[in-house]
Amino acid sequence: MSGITQRLYYEDSYLREFRAGVIETSEDGYSAVLDRTAFYPSSGGQPNDLGFINGVVVKDVVDAGSRIVHVLASPVEMGTAECSVDWPRRFDHMQQHTGQHLLSAVLVELFGVPTVGFHMGAESSAIDLGVAALNPAQVRAAGQRANEIVFENRHVDMSYVDASEASDLRKPSEREGILRIVTIRDLDRSACGGTHVRQTGEIGPILIRKTEKVRGNIRLEFLCGGRSVRRARTDYDQLNSIAQAFSSSLDDASSLVTATLGRLQESEKSRLKLAAELAQARGRQIYRDTEAGAEGIRRYWKCIAAGGIDEETRWEAQSFAAQPKAIYLAVCENPVTLLLAVSPDSDIRAGEWLNLRLKQAGGKGGGNAQMAQGSLPGTALVRPILQEIGFAS
């Protein structure tokens with residue numbers, strides 16, 4: 001496909017409907033080049049626009065150098081076309097992208113922290129910052145300063161300048177020729193081909209959601225405009241539900257949750273301690289109730305239907321095998337898992353003995369001289385192991 005496309009979005013990001021000529025299509029008609037377009041292609045971290053060309057859904061917009069290729073849901077014919085951009089999506093992208101410029105400039109202004117990457121997602125946006133750490137106080141200060149500039153409703157201007165004459169850019173451009181410069185009055189100048197609002201007030205509130213470390217940098221997640229309002233509403237509803245569950249105010253909910261978690265953790269510690277003591281007592285009782293074989297060894301095995309071998313079974317096994325001349329084997333049928341515990345005077349080294357049998361049967365495992373655990377590919381392979389260690393004839 002060939003042809004040159006005039007990029008209308010460069011001059012007017014607010015253009016929603018326009019007329020253009022379809023100057024070329026692919027063989028199947030599912031891709032088209034227009035002589036002029038307001039559809040923005042995916043570029044610079046900003047996703048593409050969607051919309052319609054002669055009533056046909058535009059699924060994707062691709063920058064192909066001097067032309068813009070529109071990927072369509074069904075074929076279109078050559079000639080004049082009535083086109084419309086999905087305005088809610090476009091304006092959302094304008095809010096996020098201009099908000100990113102503002103936030104990145106504020107981080108430089110306050111802390112000298114550069115932005116090294118930008119990604120606009122469907123739910124939130126993120127900038128990668130060229131710094132190893134950003135503390136909570138800095139994050140709060142950046143959010144507050146960014147919103148102050150939003151409320152000041154500063155002008156956002158577009159201009160064009162030759163790259164050789166471009167100055168005071170937040171980030172030097174590696175491109176040559178004419179650059180499109182996006183300027184936030186008295187704050188930022190950046191070379192950018194994206195779509196932007198005309199004044200910072202249109203960005204709407206800026207909400208910084210979280211930070212995380214990514215490949216040595218800090219990734220800062222944020223939302224602007226309608227996204228931030230919807231997210232704040234969702235956050236409020238969630239917090240309100242938590243507060244209602246505790247019969248408290250929103251202001252008290254956080255401390256109540258923290259206190260409750262502390263009590264739950266203490267309760268869980270107590271529960272685990274009691275469960276361990278009960279399992280150990282059960283292991284000793286099982287040992288007393290198990291008759292010794294001809295060689296004086298007490299053997300006990302249990303079958304677990306499903307769910308694996310839990311911690312309580314391990315405590316029970318350890319307690320049983322802590323007694324003289326003892327062999328304990330637990331078998332779980334789904335998934336097929338074996339746990340072997342033996343006393344030091346049983347003449348068996350659990351890890352060596354079980355791992356060898358598991359390996360021969362196509363399974364795998366690990367352990368030490370007193371306790372070992374492993375898995376098998378099928379239940380039919382369990383019986384030979386039971387027979388060899390003396391649990392079945």
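Which residue in E13 is the bridge partner of isoleucine 184? The answer is aspartate 188. This pair belongs to a predicted model, and it is a convenient place to enter the structure.

Strands E12 and E13 are antiparallel and are paired over four bridges. Three residues separate the two strands in their hairpin, and one feature of this hairpin is the positive phi, near 60°, of aspartate 186. E12 also has a partner in strand E11, which covers residues 156-162. That pairing is antiparallel as well and runs over seven bridges. Within it, tyrosine 160 is bridged to arginine 180 of E12. E12 is mostly covered, with six of its seven residues buried.

E12 (178-184) and E13 (188-191) lead on to the largest pocket, since each of them supplies at least two residues of its lining. Helix H1 (87-111) and strand E9 (115-120) do so too. E9 provides the largest share of that lining, four residues. The space in this pocket comes to about 860 Å³. In total 30 residues line the largest pocket, and those nearest its centre are Gly44, Arg175, Ala191, Cys192 and Gly193. By class, the lining consists of twelve nonpolar, eleven polar and seven charged residues.

E9 can be followed from the pocket to its neighbour in the fold, E10. A hairpin of four residues connects E9 to E10, and the two strands run antiparallel, joined by five bridges. In this pairing phenylalanine 118 has isoleucine 127 of E10 as its bridge partner. E10 is joined to E15 too, again by five bridges and in the antiparallel sense. There, alanine 126 is bridged to glutamate 221 of E15.

How many of the five residues of E10 are buried? Five of the five are, and the strand is described as mostly covered. The side chains divide between two directions: Ser125, Ile127 and Leu129 point one way, while Ala126 and Asp128 point the other way. All of these residues are buried, whichever way they point.

Ile127 appears again in the largest nonpolar core. This core has 32 residues, and Leu102, Leu103, Leu107, Ile127, Leu134 and Leu220 are the ones that touch the most other members. Two or more core residues come from each of H1, E9, E10 (125-129), helix H2 (136-152), E12, E14 (206-214) and E15 (217-224). H1 makes the largest contribution to the core, with seven residues. Leucine 107 can serve as an example of the contacts made here. With neighbours within four places in sequence left aside, leucine 107 is in contact with Gly112, Val113, Ile127, Leu129, Leu134 and Ala142.

The second largest pocket draws on other parts of the chain. About 190 Å³ of space lies in it. Eleven residues form its lining, with Trp301, Thr379, Val382, Arg383 and Leu386 nearest the centre. Strand E16 (298-304), strand E17 (326-333) and helix H7 (382-389) each give two or more residues to the lining of this second largest pocket. H7 gives the most, three residues. The lining of the second largest pocket has eight nonpolar residues, one polar residue and two charged residues.

Two loop residues complete the tour. Phenylalanine 246 sits in the loop between helix H3 (226-245) and helix H4 (250-289). Is phenylalanine 246 buried, partly exposed or exposed? Its relative accessible area is 30%, so phenylalanine 246 counts as partly exposed. Apart from neighbours within four places in sequence, phenylalanine 246 contacts Leu256, Val257 and Thr260. For the pair of phenylalanine 246 and valine 257, the separation is eleven residues in sequence and 8.2 Å in space, C-alpha to C-alpha.

Alanine 322 lies in the loop between helix H5 (311-321) and E17. Why does alanine 322 count as exposed? Its relative accessibility is 60%, and exposed residues are those over 50%. Between alanine 322 and glutamine 280 there are 9.8 Å from C-alpha to C-alpha, with the two residues 42 apart in sequence.

Methods:
Residues numbered from 1 in each chain as written. Predicted model: local features only at pLDDT ≥ 70, side-chain atom pairs only at ≥ 80, totals over all residues. Heavy atoms only, no water. 1 Å grid on protein atoms, 1.4 Å probe; cavity = no way out; pocket = protein on both sides within 12 Å on 5 of 7 lines; lining within 4 Å. Points joined across faces, edges and corners; volume = space filled by probe spheres on them. Nonpolar A, V, L, I, M, F, W, Y, C, P; charged D, E, K, R; others polar. Core = buried A, V, L, I, M, F, W, Y, C linked by side-chain atoms within 4.5 Å. Buried < 20%, exposed > 50% of the residue type's maximum accessible area, 1.4 Å probe, protein only. Contact = heavy atoms within 4.5 Å. Pairing = 2+ DSSP bridges.
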